[in-house]
Amino acid sequence: MTLLITILASVISTILWYKNLPNDTMKLGTLTLIYWGASLMWLVDAIAEYVELQSEFFTPTLNDMLNDAFLGISVVVLGLIIWLTVLILKDPQGKIISALVRTDKNRE
């Protein structure tokens with residue numbers, strides 16, 4: 001479930017990145033790399049779990065599926081938080097700096 005959620009987020013972010021490719025002002029490439037990295041990590045985890053559990057891997061309990069879904073959603077949200085932090089720090093469109101400069105001029 002975790003792998004499925006992160007791959008879905010990866011595909012969606014890749015489509016958005018490719019659609020806005022000529023001017024990547026929102027740094028969607030960073031978000032795409034975060035999600036594909038997480039997907040690769042969960043793929044390796046799924047392979048290791050399959051090697052360990054064999055046929056039991058394909059019959060998870062409801063509790064395991066809910067835990068995996070919660071973990072997958074948490075990873076997607078954490079990726080969004082990291083991307084937003086990078087976006088705010090880099091400020092590619094200069095909106096944060098212009099808002100701060102405009103505020104300072106209004107105070108004088």
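**Three helices and how they pack**

Helix α1, residues 2–19, packs against helix α2, residues 28–53, at an angle of about 155°, with the two axes 8 Å apart. Helices here are DSSP runs of H or I with at least four residues, numbered from the N terminus. Axes are lines fitted to C-alpha atoms over the stretch in contact, and angles run from 0 to 180 degrees between N-to-C directions. The angle makes α1 roughly antiparallel to α2; the cut-offs are over 145 degrees for roughly antiparallel and under 35 for roughly parallel.

A word on the source. This is a predicted model, where local features need pLDDT of at least 70 and side-chain atom pairs count only at pLDDT 80 or more, while totals for chains, interfaces and linings use all residues. Residues are numbered from 1 along each chain as its sequence is written, and side-chain values use heavy atoms, with hydrogens and water left out.

Back to the first pair. The crossing of α1 past α2 is left-handed, meaning that the near helix is turned anticlockwise from the far one by less than a right angle; clockwise would be right-handed. On the α1 side the contact includes Thr2, Leu3, Ser13 and Trp17, and on the α2 side it includes Leu28, Tyr35, Trp42 and Ala46. Contact means heavy atoms within 4.5 Å. By class, the residues of this contact are 14 nonpolar, eight polar and no charged. Nonpolar covers Ala, Val, Leu, Ile, Met, Phe, Trp, Tyr, Cys and Pro; charged covers Asp, Glu, Lys and Arg; the others, Gly among them, are polar.

One residue of α1 to look at is Ser13. Is Ser13 buried or exposed? Ser13 is buried, at a relative accessible area of 4%. Buried means under 20%, exposed over 50%, and partly exposed in between, with a 1.4 Å probe and protein chains only. Leaving out residues up to four places away in sequence, Ser13 touches Leu31, Thr32 and Tyr35.

Next, α1 and α3. Their axes are 7 Å apart, at an angle of about 30°, and the two helices are therefore roughly parallel to each other. This crossing is right-handed. From α1, Thr2, Ile5, Thr6 and Ala9 meet a set in α3 that includes Asp68, Leu71 and Val76. That contact has seven nonpolar, three polar and one charged residues.

The third pair is α2 and α3, at about 150° with axes 9 Å apart. That makes α2 roughly antiparallel to α3, and α2 passes α3 in a right-handed crossing. Among the contact residues are Ile34, Ala38 and Trp42 of α2, and Gly79, Leu80 and Val86 of α3. The classes are 13 nonpolar, two polar and no charged.

Which residues make up the largest nonpolar core? There are seven: Ala9, Leu28, Leu31, Tyr35, Val76, Trp83 and Leu87. Helices α2 and α3 (62–90) each supply at least two of them. A nonpolar core is a set of buried Ala, Val, Leu, Ile, Met, Phe, Trp, Tyr and Cys residues joined through side-chain atoms within 4.5 Å. Trp83, one of the seven, is in contact with Met26, Lys27, Leu28, Thr30, Leu31 and Ile34, leaving aside its neighbours within four places in sequence.

Last, Met41, in helix α2. Met41 is partly exposed, with a relative accessible area of 45%. The C-alpha atoms of Met41 and Thr6 are 9.9 Å from each other, and the two residues are 35 apart along the chain.

Note on methods. Angles under 35 degrees count as roughly parallel, over 145 as roughly antiparallel, 65 to 115 as roughly perpendicular and the rest as oblique.
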